[in-house]
Amino acid sequence: MADIPEGSVTILTNGICREQRKPSLRMASGVPNYKIILCGEYGVGKSSIFRRFLNNTFVQDNSKKSTIGLDQCTRPFRVGDADVKLTLWDTGGMERMSFIGSSYYRGAHAALLCYNSSNKETFTILSQYILDIVMNAEGAKIFLCGNVADGGDGKEKVEEADLDSFMSECGDVLSGVYTVSCKDNWGLDEMFQDMAKVLHMDAMSRMTIRRDLIRPGETPELDDEAHGKKKGCC
Ligand SMILES: Nc1nc2c(ncn2[C@@H]2O[C@H](COP(=O)(O)OP(=O)(O)OP(=O)(O)O)[C@@H](O)[C@H]2O)c(=O)[nH]1
Ligand SMILES: [Mg+2]
């Protein structure tokens, strides 16, 4: 294999080996790039959200094929008068505990925690995922996304009262709560745009706080430690 640049990770995607830079956030020399990982139970629509982000498509795939390996895609966004990028990472539930898992969580600025609003089982397990994120992606912001707002053909639906009670227990650790439908292409653009805004505003306020600590001539860089301190969990 060719020399891997410093700070890169090697990813296996469906058997294909490829290299990529470890995400870091350079504020002075380039456009800030925020890494967001998709989390949540099998079949909640993580890859469907990824596809909407990638090329605005939807696949009604009933073959129950789980995502294997990792995938990632970067898109530009505008926040106020600043250019920023979001890089969305997708993996299947089965990869979470494998060796791939650590690359997935490493350097994440945020996790988009997804559930299927027409399948309550995917909702009741959310606190376990929050714990996972807090343990493995220290400092990452957590955004909650209820997919399948079109109703789907699921089992027991997630009611407004379920969400209210979850929010009263775990609301403090969430930086945003969204409802979307990948099928109807509803709520997704607004969600990505809002996440870009929240992440960038947060990074900017951290930059202001850290400005006094940066010596002249140094490039300010927000790295893993700079995302913030470990949050508590519900
Ligand atoms: N009705 C409806 N179906 C959806 C929606 N989003 C995804 N689906 C369907 O839900 C199924 C699972 O979607 P995926 O995107 O593969 O789910 P996943 O979370 O990536 O699953 P894993 O890779 O196994 O973890 C597919 O059949 C999708 O077509 C939605 O908004 N509405
Ligand atoms: Mg998937």
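A residue counts as buried if 20 or more other C-beta atoms lie within 10 Å of its own. The model used in these exercises is predicted.

**Exercise 1.** State how many helices and strands the protein has, and what percentage of its residues count as buried.

Solution. Begin with the elements: there are six helices and ten strands. Then apply the cut-off for burial to the 234 residues of the protein, of which 31% count as buried. As a further step, take the contacts with a separation of 6 or more: 72% of them are between residues 24 or more positions apart.

**Exercise 2.** Describe the shell around ligand 1 by its nearest residues, its residue classes and the element that gives the largest share.

Solution. The shell holds 22 residues, and Gly45, Ser47, Ser66, Thr67 and Lys183 come nearest to the ligand. Sorted by class, five residues of the shell are nonpolar, 13 are polar and four are charged. Helix α1, residues 46-55, supplies the largest share, three residues.

**Exercise 3.** Decide whether α1 is largely enclosed or not, and explain why.

Solution. List the buried residues of α1: Lys46, Ser47, Ser48, Ile49, Phe50, Arg52 and Phe53. These are seven of the ten residues of the helix, so α1 is largely enclosed by the rest of the structure. Just after α1, asparagine 56 has a positive phi of about 55 degrees.

**Exercise 4.** Find which residues have the most contacts inside the largest nonpolar core, and which element gives the most to this core.

Solution. The largest nonpolar core has 45 residues, and those with the most contacts inside it are Ile36, Ile37, Ala110, Ala111, Leu112 and Leu113. Elements giving two or more residues to this core include β4 (33-40), β7 (110-116) and α6 (188-210). With seven residues, α6 gives the most. Next, follow one residue, leucine 113: leaving out residues up to four places away in sequence, its contacts include Cys39, Leu126, Tyr129, Ile130, Ile133 and Phe143.

**Exercise 5.** Work out where on α4 its buried residues lie, and what covers them.

Solution. The buried residues of α4 are Leu126, Tyr129, Ile130 and Ile133. Viewed down the helix axis they fall within an arc of 105 degrees, so they line one face of α4. An α-helix has 3.6 residues a turn, so residues three or four places apart point the same way. Gln128, Leu131 and Met135, on the other side of α4, are exposed. The cover over the buried residues of α4 includes β4, β7, α3 (121-124), β8 and α5 (160-170).

How values were computed:
Residues are numbered from 1 along each chain as its sequence is written. Chains are lettered from A and ligands numbered from 1 in the order in which they are written. This is a predicted model: local features need pLDDT of at least 70, side-chain atom pairs count only at pLDDT 80 or more; totals for chains, interfaces and linings use all residues. A residue is near a molecule or strand if its C-beta atom, placed from the backbone, lies within 6 Å of it. Helices (H or I, at least four residues) and strands (E, at least two) are DSSP runs, numbered from the N terminus. Ala, Val, Leu, Ile, Met, Phe, Trp, Tyr, Cys and Pro count as nonpolar, Asp, Glu, Lys and Arg as charged, and the others, Gly among them, as polar. A residue is buried if 20 or more other C-beta atoms lie within 10 Å of its own, exposed if 12 or fewer, and partly exposed in between; C-beta atoms are placed from the backbone. A nonpolar core is a set of buried Ala, Val, Leu, Ile, Met, Phe, Trp, Tyr and Cys residues joined through C-beta atoms within 7 Å. Two residues are in contact if their C-beta atoms, placed from the backbone, lie within 7 Å. The arc is that of the directions from the helix axis to the C-beta atoms.
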